[in-house]
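Colleague: Could you help me with one part of this model? I'd like a close look at how a pair of neighbouring strands goes together, and then what surrounds them.

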Amino acid sequence: DNVSWAPFTITVPANSAPVVATSDVASTANQTLALSGLINVSDADGDAMTRYQLWDATRDPNSGHFVVNGADQQAGSVIDISGAQLAQTSFITGTIGDALQIRAFDGIAWSAADNASWSPFHITV
């Protein structure tokens with residue numbers, strides 16, 4: 001107990017938030033578009049995405065909608081999905097265009113803050 005201890009330091013590298021890239025898409029009415037084909041997510045740390053949040057700002061009944069594992073999702077509300085549900089999520093186009101947003105979570109940080117514009121994209125019909 002009277003011997004000097006050997007001090008050491010543990011350094012934890014800073015996390016890099018994921019980046020979501022989107023682009024506008026032109027389609028025809030009543031098409032099913034896989035969500036994974038509409039976005040590109042990267043993470044400098046190589047972290048896997050654990051969650052996504054989707055936003056469909058177009059509430060017109062003639063607009064399209066997200067579908068998660070066969071269940072239609074309502075426009076105008078945040079849609080939470082797990083990383084595993086990305087492959088089970090699609091967007092079905094309506095007869096008018098849609099304004100959509102998405103953000104990704106790597107288990108530590110979101111790609112965009114709650115009060116910021118997420119990665120926006122539009123589906124035109």
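In which sense do strand β6 and β7 pair, and over how many bridges?

Modeller: Happy to, but keep in mind that this is a predicted model. Strand β6, which covers residues 65–68, pairs with β7 in the antiparallel sense, over 2 bridges. You can find one contact by eye: V68 has A71 in β7 as its bridge partner.

Now zoom out a little. β6 and β7 belong to an open sheet of 4 strands, and its order is β3-β9-β6-β7, with antiparallel pairing. β3 (32–34) and β7 (71–72) are the edge strands, each with a single partner, so each has one side without a neighbour in the sheet.

Next, look at the side chains in this sheet. The structure holds 2 aromatic pairs. In one of them, the ring centres of F66 and F91 are 5.1 Å apart and the planes stand at 75°, so this is an edge-to-face pair. F66 belongs to strand β6 and F91 to strand β9 (residues 89–92), and the pair links distant parts of the chain, 25 residues apart. Are these rings buried or exposed? F66 has 1% relative accessibility, so it counts as buried. F91 counts as buried too, because its relative accessibility is 0%.

The other aromatic pair is F105 with W110: it is tilted, with 4.8 Å from centre to centre and 40° between the planes. F105 is at 15% relative accessibility, so it counts as buried. Each of these rings has an arginine over its face. R51 lies over F105, 5.9 Å from the ring centre, and R103 lies over W110, at 4.1 Å from the ring centre.

Those two arginines also turn up in salt bridges, and the count of these comes to 2. R51 meets D80 side chain to side chain, at 3.0 Å from N to O. This pair links distant parts of the chain, with R51 in strand β5 (residues 51–56) and D80 in strand β8 (residues 79–82), 29 residues apart. R51 is partly exposed at 33% relative accessible area, and D80 is partly exposed at 44%.

R103 meets D114 in a salt bridge of 2.5 Å, N to O. D114 lies in the loop between β10 (98–105) and β11 (119–124) while R103 is in strand β10, so the bridge ties together parts that are 11 residues apart in sequence. The two ends have their own surroundings: R103 is buried, with a relative accessible area of 3%, whereas D114 counts as exposed at 64% relative accessibility.

Strands β5, β8, β10 and β11 are part of an open sheet of 5 strands, ordered β2-β11-β10-β5-β8, with mixed pairing. Its edge strands are β2 (25–26) and β8, and each of them pairs on one side only. Inside this sheet, β10 and β11 run antiparallel and are joined by 5 bridges. As a spot to check, D98 stands opposite I123 in β11.

One last stop, out on the surface: F8, I10 and V12 make a nonpolar patch of about 420 Å². V12 is in the segment before β1 (19–22), and it counts as exposed because its relative accessibility is 67%.

Definitions and conventions
Residues numbered from 1 in each chain as written. Predicted model: local features only at pLDDT ≥ 70, side-chain atom pairs only at ≥ 80, totals over all residues. Heavy atoms only, no water. Patch = residues over 30% accessible without salt bridge, like charges linked within 9 Å, V, L, I, M, F, W, Y side chains within 5 Å. Areas by Shrake-Rupley, 256 points an atom, 1.4 Å probe, with all protein chains shown as cover. Salt bridge = Lys/Arg side-chain N within 4 Å of Asp/Glu carboxyl O. Buried < 20%, exposed > 50% of the residue type's maximum accessible area, 1.4 Å probe, protein only. Pairing = 2+ DSSP bridges. Phe/Tyr/Trp six-rings, centres within 6.5 Å; stacked < 30°, edge-to-face > 60°. Lys NZ or Arg CZ within 6 Å of the ring centre and 35° of its normal.
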